[in-house]
Number of protein chains: 2
Amino acid sequence: MNKKNYTSQDVAELAGVSQSTVSRVFAGNTNVSEKKRKKILDAAEKLEYQPNAHARSLITRKTMMIGIVMRNIRNPFYSAVLEIFHNRLAALGYHLIFINSENEEIQEKEITQLLEYNVEGVIITDALLSSSASQKFNRNGIVVILFNRYTEKLESSAVFCDNYLAAKQIATYLVEMGHKSFAFISGPSDTSTTIDRLKGFKEVLDDRGISNLVIEPGNYTYESGFKAAQELITRNKNIDCIFCGNDIIALGVMDAIRVIGLKIPDDISVIGFDNIRMSEWPSYSLTTWEQPLEDMVDSTVELMLKEISDKSSEPQVIMMKGHLVVRTSVRQKK
Amino acid sequence: MNKKNYTSQDVAELAGVSQSTVSRVFAGNTNVSEKKRKKILDAAEKLEYQPNAHARSLITRKTMMIGIVMRNIRNPFYSAVLEIFHNRLAALGYHLIFINSENEEIQEKEITQLLEYNVEGVIITDALLSSSASQKFNRNGIVVILFNRYTEKLESSAVFCDNYLAAKQIATYLVEMGHKSFAFISGPSDTSTTIDRLKGFKEVLDDRGISNLVIEPGNYTYESGFKAAQELITRNKNIDCIFCGNDIIALGVMDAIRVIGLKIPDDISVIGFDNIRMSEWPSYSLTTWEQPLEDMVDSTVELMLKEISDKSSEPQVIMMKGHLVVRTSVRQKK
DNA sequence: TATTTTTTTGAATACGTATTCAAAAAAATA
DNA sequence: TATTTTTTTGAATACGTATTCAAAAAAATA
């Protein structure tokens, strides 16, 4: 039943040539006469020969594999990220090893797996990378790029949105729309996204002498947004706008507000971050900040290819802009 | 910068033993004296030695890699599927090669990639598998399991919900709730899920002498549901309930209905299929059919392991039940 | 202690490919 | 046609590991 896998040796025998020549044909080497090439391809087809990628990678030292580590694949933002990364990298011949990290920080076991398989690069989204992990990858010549995150110490390259600037513009927008009383629902407090978004937001409020910002902790999920909004509203009756750490939080917030019986944006304005597809669904129509996802992925892929071909290049940070997408969840107040 | 990767040979030299013995330690072989084992582990740690998975797989003929092919990762149902499959398989030491098929049918190129990497198994969800592709996998001793799909010819194993029976129960429920005028929004018409759900639904209606079923084509996306509902309602004023091919369609349908200005369930009842997380969000509160996702994944993994260890086993079909989850999108009519 | 049995060890080899190097064949030039 | 240059080819080898087999060492038994 389980037929033997044919090898380049089998093809060579059937075609009456040496294994080297078969290998040359499949490695795309041009120095093979048309006559033999044809014979070899015929024989290969007859045997349904497939080169063995593992044997090949042993010699070439190219595995054409990239690891992608995610923590929150159920967040539609990251589903989209995964899809786009796959499409870009597959087009370049790379294969994706998908790792769903269950913990906030990428685990020893997961690192080991990626090292054993000699991935050429690792993309880490939505997860933290310890300094020691980062060094481990570096020492093994594996390129690491953080996506939508960065670390202070700059041990690996990173591609992300300028969250600080975006949050400033969001705050300015809310203030100019006439809001007086502000809340922020955060993600995990040790993520760069949360830190920068809060920083920019708070700075604008401080500049304008607004000191009543309420901060409610969340973890970038619908459920955490829902719960945070409930607490927030029952505790602080006068909140008139909520800046949500990301869109999926915002959806939970909006649902909670409505369950309580308040109206959006009449009673409370809500603003998100990411511009996931759902935010434009009429049930939500969420005003939010769009991250230029496709561009971010393109930059990440480009940077990764560059670093793979030149391992000695210094870690690099690419910061992108994005823009406000105005829908109907923020009200112009008098 | 790019330091050489150390090999078992390097470890052997540092520890003063042979390469064979180092290999034995890392292959988990017990026949190594404690003294040498310790020396080897020390040396390995000092060099940060990682066995090379590709070289290993060449000998053992086990790659510990599984391919997972998906078409619609943006559908939250499949994000969840991916997450659960990853968690189960990672716990067993398997690695996931993720492939996002852009076409309805899995492509030659994608098959080749999986063959080249000698994956031990392939899980195909939400995509079609041609007969020739199926044979190709079989001939190479690669186990294929269809998830949430099956093919008529039974060339590979399949795990799915009894869609026919579920649709019958859904139809019965709608009839008994007093509905008179029915619509079905389908997925692609060549998928087994669509075929069986429509068949079961129609059969019950036929049995009860109801012949006014309107069928609107969709493709298992929010957008297709939205559009289908718009057309349906403007064309057929009297529809009083819509059975949606899956939940994400149902969400689009609900939004479209509300945009038009009708109320759910007062004017139109909506029922879905899958029970994705969003269907319980208060904005939707969708009555739907729950697929026993965790159980389906568990069965798939179990079946896959069995077929990997016994390649000569016959293709097997596992059909699961699921159950109706009643929320508030279906009305009891008089 | 002498002998037998069991455990540990290393040399040799294989997995399936790409590449180097030298030889052979073909093509280009004189 | 004879010579030089270029192209094609195959033998040998390497990538990094696991495993077989026989020998050596250790443990158990007489």
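**Close-up views of the two-chain model with DNA strands C and D**

**View 1. Protein around DNA strand C.** Of the 26 residues around DNA strand C, the ones that come nearest are S8(A), S23(A), T21(B), R24(B) and R61(B). A residue counts as near a strand if one of its heavy atoms lies within 4 Å of it. Sugar and phosphate make up 59% of the atoms of DNA strand C that come within 4 Å of the protein. This is a predicted model: local features need pLDDT of at least 70, side-chain atom pairs count only at pLDDT 80 or more, and totals for chains, interfaces and linings use all residues. Residues are numbered from 1 along each chain as its sequence is written, chains are lettered from A and ligands numbered from 1 in the order in which they are written, and side-chain values use heavy atoms, with hydrogens and water left out.

**View 2. Polar contacts to DNA strand C.** A polar contact here is a pair of N or O atoms within 3.5 Å. A polar side-chain atom of R56(A) is 2.7 Å from a phosphate oxygen of DNA strand C. The side chain of T21(B) also places an N or O atom 2.7 Å from a phosphate oxygen of this strand. S20(B) reaches a base: a polar side-chain atom lies 3.0 Å from a base nitrogen of DNA strand C. Two or more residues of the surface near this strand come from each of α2 and α4 of chain A and α2 and α4 of chain B. Helices (H or I, at least four residues) and strands (E, at least two) are DSSP runs, numbered from the N terminus.

**View 3. Protein around DNA strand D.** T21(A), R24(A), R61(A), S8(B) and S23(B) come nearest among the 26 residues around DNA strand D. The side chain of T21(A) has an N or O atom 2.7 Å from a phosphate oxygen of the strand. R24(A) brings a polar side-chain atom to 2.6 Å from a base nitrogen. S8(B) uses its backbone: an N or O atom lies 2.5 Å from a phosphate oxygen. Of the atoms of DNA strand D within 4 Å of the protein, 61% belong to sugar or phosphate, and the rest to bases.

**View 4. The two copies.** A turn of 180° and a shift of 0.0 Å along the axis lay chain A on chain B with an RMSD of 0.0 Å. That is the relation of a two-fold axis. Copies are superposed by least squares on the C-alpha atoms of residues with pLDDT of at least 70 in both. The same surface serves both copies: 100% of the contact residues of chain A recur in chain B. Contact means heavy atoms within 4.5 Å.

**View 5. A sheet shared by both chains.** The open, mixed sheet has 12 strands, in the order β11(A)-β5(A)-β4(A)-β3(A)-β1(A)-β2(A)-β2(B)-β1(B)-β3(B)-β4(B)-β5(B)-β11(B). Its edge strands are β11 (317–320) of chain A and β11 (317–320) of chain B, each paired on one side only. Two strands pair if DSSP finds at least two bridges between them. In chain B, β1 (65–70) and β2 (95–100) run parallel and are joined by six bridges. M70(B) stands opposite N100(B).

**View 6. A four-stranded sheet in chain A.** This open sheet has the order β7-β6-β8-β9, with parallel pairing. β7 (214–216) and β9 (269–271) stand at the edges with a single partner strand each, so one side of each has no neighbour in the sheet. Three bridges link β6 (182–185) to β7(A). F184(A) has I215(A) as its bridge partner.

Notes
A polar contact is a pair of N or O atoms within 3.5 Å; within protein, one must be able to donate a hydrogen and the other to accept it, and residues adjacent in sequence count only if both atoms are side-chain atoms.
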